[in-house]
Amino acid sequence: MDDLDRAILRELRSNARLTNAELADRVGLTPSPCLRRVRRLEADGVIVGYQAVVDPDAVGRGCEVIVNAEIVSQDRKTVEQFENEVGAFDEVVEFRRMIGLPDYFIRVVVADLNAFEVFLRTKLMEQPAISKIESHLTMKKLKG
C-alpha cells in the first residue's frame, strides 16, 4: 500500500459515495487507474464494505450508553452463551470481549433513558453470566 492507496482510503472514509471520477480527481489520478486501485483494495480485503451513516435521532435511537460487563465464569459454555445472546440484542451495536477488566464492552443505542432502563432490566440483567454491570452515558461525543 502506498500514499495513493492511503489517500483513496482517506477520501472513501470521508465520503464513500464519491463517484470514481470525483475520487480520482481528489487523489490526483485519472479515473481508470483509480478504479483499478479501488478494486484491488477491495479484492485484497482492505476495503471490506461500504455503509450509510444514519442519524440516530432520526430513527429513534438517540440515546447511547456504554456498558461495561463482567461475567461470573470464563468457561467456554458460559462465554459462548453470553456472547451469542447479548450479540443478538437489537439494541447492542458494538460488543467487544476485552483483555482484563471489564470482561466486555457493550455499546447500546436506544430511544431514551427509559428505553435503556427497560433494556437493562429485561434483557441484560436477565443474563445469568453477568456478575457486574457499569453503565456510562456520553456527555459529549468529541470524535468518531
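Ala115 lies in helix H5, where helices (H or I, at least four residues) and strands (E, at least two) are DSSP runs numbered from the N terminus. The model is predicted: local features need pLDDT of at least 70 and side-chain atom pairs count only at pLDDT 80 or more, while totals for chains, interfaces and linings use all residues. Residues are numbered from 1 along each chain as its sequence is written, and side-chain values use heavy atoms, with hydrogens and water left out.

**Overall form**

The protein has 5 helices and 4 strands. Read from the N terminus, the elements follow the order α-α-α-β-α-β-β-α-β. The radius of gyration is 20 Å, well over the 15 Å that the globule rule gives for 144 residues, so the protein is more spread out than a compact globule. This radius is taken over C-alpha atoms, and the rule is 2.2 Å times the number of residues to the power 0.38. The C-alpha trace spans about 55 × 35 × 25 Å along its principal axes.

Of the contacts with a separation of 6 or more, 60% join residues 24 or more positions apart; a contact means heavy atoms within 4.5 Å.

**Surface and charge**

Of the 144 residues, 31% count as buried. Buried means under 20% relative accessible area, exposed over 50%, and partly exposed in between (1.4 Å probe, protein chains only). The protein exposes about 9900 Å², of which carbon and sulfur atoms supply 51%. Accessible areas come from the Shrake-Rupley method with a 1.4 Å probe, and for residues only the protein chains shown count as cover.

There are 21 positive and 24 negative side chains, and the centres of the two sets lie 5 Å apart. Lys and Arg count as positive and Asp and Glu as negative, with His and the chain ends not counted. Each charge is placed at NZ of Lys, CZ of Arg, CG of Asp or CD of Glu.

**Nonpolar cores**

A nonpolar core is a set of buried Ala, Val, Leu, Ile, Met, Phe, Trp, Tyr and Cys residues joined through side-chain atoms within 4.5 Å. The largest one holds 20 residues, and those with the most contacts inside it are Ile106, Val108, Phe116 and Leu124. Two or more residues each come from strand E1 (63–71), helix H4 (76–87), strand E3 (104–110) and helix H5 (113–124). E1 gives the most, with 5 residues. Beyond its neighbours within four places in sequence, Phe116 is in contact with Val65, Val67, Val108, Val110 and Ser135. A second, separate core has 13 residues, including Leu18, Ala24, Leu29 and Val38.

**Individual residues**

Both Pro31 and Ser32 belong to helix H3, which covers residues 31–43. Not counting residues up to four places away in sequence, Pro31 touches Asn20, Ala21 and Ala24; Ala24 is also among the residues of the second core. Lys140 lies in the segment after strand E4 (130–137).

The table sets out accessibility and one C-alpha separation for each of four residues.

| Residue | Relative accessibility | Class | Partner | Sequence separation | C-alpha distance |
|---|---|---|---|---|---|
| Pro31 | 40% | partly exposed | Thr19 | 12 residues | 9.5 Å |
| Ser32 | 47% | partly exposed | Ala21 | 11 residues | 8.9 Å |
| Ala115 | 26% | partly exposed | Arg13 | 102 residues | 32 Å |
| Lys140 | 61% | exposed | Ala58 | 82 residues | 18 Å |

**A cis peptide bond**

Most residues other than glycine have a negative phi, and most peptide bonds are trans. The bond from Leu101 to Pro102 is cis, with omega near 0°. Pro102 sits in the loop between strand E2 (92–97) and E3.
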